[in-house]
Amino acid sequence: MYNPIDLLNGEKMVESIIEMTDVVKKYGDKAAINGLTMAVRKGELFGFLGPNGAGKTTTIRVISTLTDFSEGTVKVAGIDIKKDPRNAKDHMGVIQQAISLDKDLTIRENMMHHAMMHKVPADERKKRIQELSDFIGLDEYLDRMVDSLSGGWKKKAAIVCALVHKPDILFLDEPTVGLDVKARRLLWDLIKKLNEEGTTIFLTSHYIEEIELLCDRVGIIDLGKLIALGTPQELCNKVGSTAVEYRENEETKYKYFTDRDQAKDFVSVLDDHDQIVIRNTNLEDCFVELTGKSVGGR
Amino acid sequence: MFQTIKDAYYVAWGDMCFMKHNFWNILVSSVMSPLLYLLAFGYGLGNGITMEGVPYIAFIIPGIAALTSLSASFSSTATRLNVQRLYYKSFDEMLMCPLSPASIILGKSFLGLFRGLVGATLIYILGMCVTSELYVTPMLIVSVVLSCFTFSFLGVMAALLAKSHQSMATFSSMIILPMTFLCGTFFSAAAMPAWFQAILYALPLTHSSSIIRAAALDWSFPWISLVVLFAFCVAFFVIDVYLVKTRRI
């Protein structure tokens with residue numbers, strides 16, 4: 001019987017839709033995921049952050065059964081993906097980092113092909129594609145070849161393909177990379193809308209403001225291990241809710257404090273420093289402080 | 001079994017759309033090289049020659065049909081899957097669908113099967129117009145279908161193992177090209193030295209040529225070659241399923 005437990009707090013809480021326990025994935029001798037344990041709650045918009053090569057994409061590939069793993073267990077909607085991968089796949093939709101549509105087919109054919117392979121009943125396929133295309137605003141592009149569309153529309157078409165079988169959880173791996181600001185904002189609205197309609201979202205991104213803006217909870221991964229998990233506010237509080245930013249020896253430095261008064265005391269003893277800023281700590285501060293790396297870098 | 005075939009159809013549906021968009025291109029490219037072989041070797045080189053008691057043109061047409069089953073089946077399956085896997089990444093989407101590895105492999109081999117059958121059939125019909133020595137027998141149909149399946153599965157295997165487009169080209173140069181010219185398509189394998197025959201009979205196209213030729217010319221049918229080719233077909237299919245199942249791709 002599926003027993004929803006939040007693995008990190010060890011207590012019965014909101015139902016978890018993904019449970020990873022001590023997962024290890026190695027490429028040769030190098031562990032891309034090194035004992036990863038985490039749970040994603042049903043219905044939440046979960047953000048997954050990490051520097052390049054931290055294991056974000058590998059984690060998605062492992063959960064979505066694209067890549068095998070050597071140790072641990074992964075359950076999706078209570079189904080062990082090693083024991084029953086085909087049933088587990090019914091619950092998942094994945095938008096990969098690179099657009100993964102078949103460029104030799106039209107958008108409609110891509111959607112229909114996905115619907116068939118996900119075994120959507122024949123009498124529902126057309127209706128479902130039409131509904132999703134209307135929802136996303138793709139209707140007028142359906143009979144065009146993939147390469148005649150801009151990156152934003154291709155991404156939207158990929159989202160329709162991933163949603164055509166009504167998955168419970170949607171993985172979005174760096175969905176806004178390469179999109180212009182307008183397309184990115186439209187995609188944010190779409191992600192929020194899908195989440196409001198009940199789809200659990202698992203989002204990875206290099207854009208930290210994207211994660212901060214959209215996500216209910218955030219996990220930070222580094223060197224294949226989860227190093228922090230919580231709401232954006234909880235993570236900021238871990239570092240200190242107030243940040244002081246100042247220049248010293250031609251370098252920008254940061255100090256974090258639990259409250260504003262402590263920050264002011266620190267600033268008052270800073271001699272010969274200019275460009276001193278006191279502000280609220282943001283997720284980027286937290287990320288850099290916890291991983292020791294800049295976003296997207298090592 | 002029925003579910004596997006149904007799922008294979010779902011997988012193949014995308015390739016059917018691809019064929020619909022590229023129908024003339026596929027048709028012309030399927031018959032172009034066998035037609036050139038027929039003109040160059042059949043008429044240019046082989047005019048007036050007999051081989052194993054039949055005019056060379058009658059000898060070579062079943063060989064070219066076997067060769068077409070190899071080249072059209074292998075290249076169309078391998079090229080499209082290689083592009084889908086390494087460049088479009090759309091093969092990953094297939095792997096994330098609730099489909100069995102067997103249905104994915106069967107579905108992906110459909111394009112090769114179709115192109116191989118079209119190419120071999122067209123060249124055979126053309127051959128029947130120029131010589132009266134050729135027959136259509138049930139074993140001919142079985143042999144051509146088995147050949148097309150075998151080389152489609154080989155194409156899937158090559159595409160699953162390829163690390164880049166370059167490695168696909170290397171596979172073609174090292175495996176497919178030598179088979180094209182050496183495996184009894186243009187001459188009898190029996191004409192080669194004994195040690196070399198041993199190598200040739202370890203290659204599937206030799207058996208494919210042998211059974212297609214025997215069935216086409218109504219010669220004594222080499223059942224052992226049929227069994228060996230069937231074993232190649234099963235082996236390629238099993239390897240393909242293993243590669244997909246264990247994600248060693």
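Begin by selecting chain B of this predicted model, and consider its contacts between residues with a separation of 6 or more: 81% of these join residues that are 24 or more positions apart. With chain B still selected, colour it by secondary structure, and you will find 10 helices and 2 strands, which run from the N terminus as α-α-β-β-α-α-α-α-α-α-α-α. The radius of gyration of chain B is 18 Å, close to the 18 Å that the globule rule gives for 249 residues, so chain B is as compact as a globular protein of that length. If you turn the chain along its principal axes, its C-alpha atoms fill a box of roughly 55 × 40 × 35 Å, and 48% of its 249 residues count as buried.

Next, show chain A as well, and look at where the two chains meet. Here 21 residues of chain B are in contact with 25 residues of chain A. Which helices of chain B each supply at least two residues of the side that touches chain A? Select helix H1 (2-21), helix H3 (56-88) and helix H4 (90-95) of chain B, since these are the helices to look for; the largest share, 7 residues, comes from H1(B). When you colour this side of chain B by residue type, it divides into 12 nonpolar, 5 polar and 4 charged residues.

Now hide chain B and select chain A, which is divided into domain 1 (16-231) and domain 2 (241-280). The C-alpha centres of these two domains of chain A lie 39 Å apart.

Within chain A, turn to the open sheet of 6 strands, whose order is S6-S7-S8-S3-S9-S10 and whose pairing is mixed. Strand S6 (92-95) and strand S10 (225-230) of chain A stand at the edges, each with a single partner strand, so one side of each is left without a neighbour in the sheet. Neighbouring strands of this sheet are turned by 15° against each other on average, direction ignored.

Zoom in on S6(A) and strand S7 (residues 169-173) of chain A, which run parallel and are joined by 4 bridges; one residue to pick out is A:Met92, whose bridge partner in S7(A) is A:Ile169.

Finally, select two helices that pack on the sheet. Helix H1 (residues 56-63) of chain A touches strand S3 (45-49), S6, S7, strand S8 (200-204) and strand S9 (217-222) of chain A, and its direction makes about 150° with that of S7(A). Helix H8 (residues 232-239) of chain A touches S9 and S10 of chain A, and the direction of H8(A) makes about 110° with that of S10(A).

Methods. Residues are numbered from 1 along each chain as its sequence is written. Chains are lettered from A and ligands numbered from 1 in the order in which they are written. This is a predicted model: local features need pLDDT of at least 70, side-chain atom pairs count only at pLDDT 80 or more; totals for chains, interfaces and linings use all residues. Two strands pair if DSSP finds at least two bridges between them. Axes are lines fitted to C-alpha atoms, for helices over the stretch in contact, and angles run from 0 to 180 degrees between N-to-C directions. Two residues are in contact if their C-beta atoms, placed from the backbone, lie within 7 Å. Ala, Val, Leu, Ile, Met, Phe, Trp, Tyr, Cys and Pro count as nonpolar, Asp, Glu, Lys and Arg as charged, and the others, Gly among them, as polar. Domain bounds come from an automatic or database domain assignment. The radius of gyration is taken over C-alpha atoms; the globule rule is 2.2 Å times the number of residues to the power 0.38. A residue is buried if 20 or more other C-beta atoms lie within 10 Å of its own, exposed if 12 or fewer, and partly exposed in between; C-beta atoms are placed from the backbone.
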